[in-house]
Amino acid sequence: MKKNLINLLLFLLVFAVFTGCKKDEYEMIKIVKMISVQQMRALPVGMTKAIPAKKTGKIYIYNDYLFINEPNEGIHIYNNVNPGAPINVGFLQIPGNVDLAIHNNILYADNFIDLLTFDISNMNNIKQVKRVTDVFNQLYATGVQKYLYIYKDTLVKKETYKEKKYYDAAAYSSNSSSGQGGSMARFTLMNDYLYTVGMNNLSLFDVKTASNPTFLKAIPLGWGVETIFPYENKLFIGTNRGMHIFSATDPANPVQLSTYSHIFACDPVVVQGKYAYVTLRTGNMCMQASNQLEVVDIEDPTKPKQIAVYAMQNPHGLSTSGDILFLCEGNYGIKSFNITDKTKIGNNMLQHLTNIKSFDVIAGPKSLIVTGEDGVYQFNYNNAANLKQLSIIKGQR
């Protein structure tokens, strides 16, 4: 009783302080703190009522559903039967979540250092079925294996932190039975295996029994790993120094075929046919670099070679559909290009929408799905030179 009274008084004091100040004197930031593994695993996980996202991260489509990650919080689930009117059906609360993938009605998601498995065969009754522990060790505190880093929303005076540096966790991360992720994905599925990339490795999980993933091994890749993209029994791994190409002919034992190197830059990649499309950009974690689109001939995956380079403004995620490439330009909008002639892509821009701050894009079977700073947009892209907006899922800021 005494403890509850003290907490109430503290709440009233804080409320009085902040309501008596000017609103624009304060803002919410994320700061790093440490938490024990035991405390982390005691945090609540599971379905809650539908709520709007405060911030959008990775996007994923599976059957008639659209999954939108809210970095470090969980996954918003939308019925997307009609892309013009998506319905928010619930929020899957998963602290520390940044990525996801789905296979045979099983959803895989990171929960800080663990992999969680959920049965989504009944979308009205999603159940957690397994936790695979200690598989994402990049969040451990160095040399202290009992603790890990998490990010906490903290309200502060603007002038108290403007000279300090903080870290944003979001900056670090098909076939008929699996879904489709964007080019910024760190999780992907192929041949009954789940592949994930951390900041310095490639991890493998056997998901032949979808509800019972088994961790097999982690393959060191060196620092700066960012994205993974599957294509025809190969894995294309984007890093800030280049693109690794792995053969997954033996899916349990991927073999590195080559590395396409470039200058230090953030690096998503997508592949279509015998070409890879790589974007390089400047950014918070990318230091000094160029903003450009590179086209790489991968017909011989052991000897990738650059065939064209095009200047861009600040390219992020990208997606292809037939002879069309959609490219997110960060604060500068989203562009569509005809890529029939690989040597003239820069001269064949079809459209540039400048009113969207875009991060990633999926050219899905029903719509073009674009994550923007203020939410998730869907477009009819039957005519890539005249995208027609179908809907926007607004974030709550």
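Why is strand 23 (residues 275-280) largely enclosed by the rest of the structure? In this predicted model, six of the six residues of strand 23 are buried, so the strand is largely enclosed by what surrounds it. Buried here means under 20% relative accessible area.

The directions of the side chains fill in the picture. In a regular strand, side chains alternate between the two faces of the sheet. From strand 23, Y275, Y277 and T279 point one way, while A276, V278 and L280 point the other way. All of these residues are buried.

Next come the neighbours in the sheet. Strand 22 (residues 269-272) pairs with strand 23 in the antiparallel sense over four bridges. These two strands form a hairpin with two residues between them, and G273 in the turn has a positive phi of about 60°. Strand 23 also pairs with strand 24 (residues 292-297), again in the antiparallel sense, over six bridges. V278 can be used to follow both pairings: V278 is the bridge partner of V269, and V278 stands opposite E294 in strand 24.

Now to the nonpolar cores. The largest has 29 residues, and F67, I75, L107, L115 and L194 have the most contacts inside it. Several strands give two or more residues to this core, among them strand 3 (59-62), strand 5 (74-79) and strand 9 (114-119). Strand 8 provides the largest share, four residues. F67 touches residues including Y60, I75, I77, L107 and M123, leaving aside those up to four places away in sequence. A second, separate core has 26 residues, including M243, L280, L293 and L318. L280 is also one of the buried residues of strand 23.

Notes: Residues are numbered from 1 along each chain as its sequence is written. This is a predicted model: local features need pLDDT of at least 70, side-chain atom pairs count only at pLDDT 80 or more; totals for chains, interfaces and linings use all residues. Side-chain values use heavy atoms; hydrogens and water are left out. A nonpolar core is a set of buried Ala, Val, Leu, Ile, Met, Phe, Trp, Tyr and Cys residues joined through side-chain atoms within 4.5 Å. Buried means under 20% relative accessible area, exposed over 50%, partly exposed in between (1.4 Å probe, protein chains only). Contact means heavy atoms within 4.5 Å. Two strands pair if DSSP finds at least two bridges between them.
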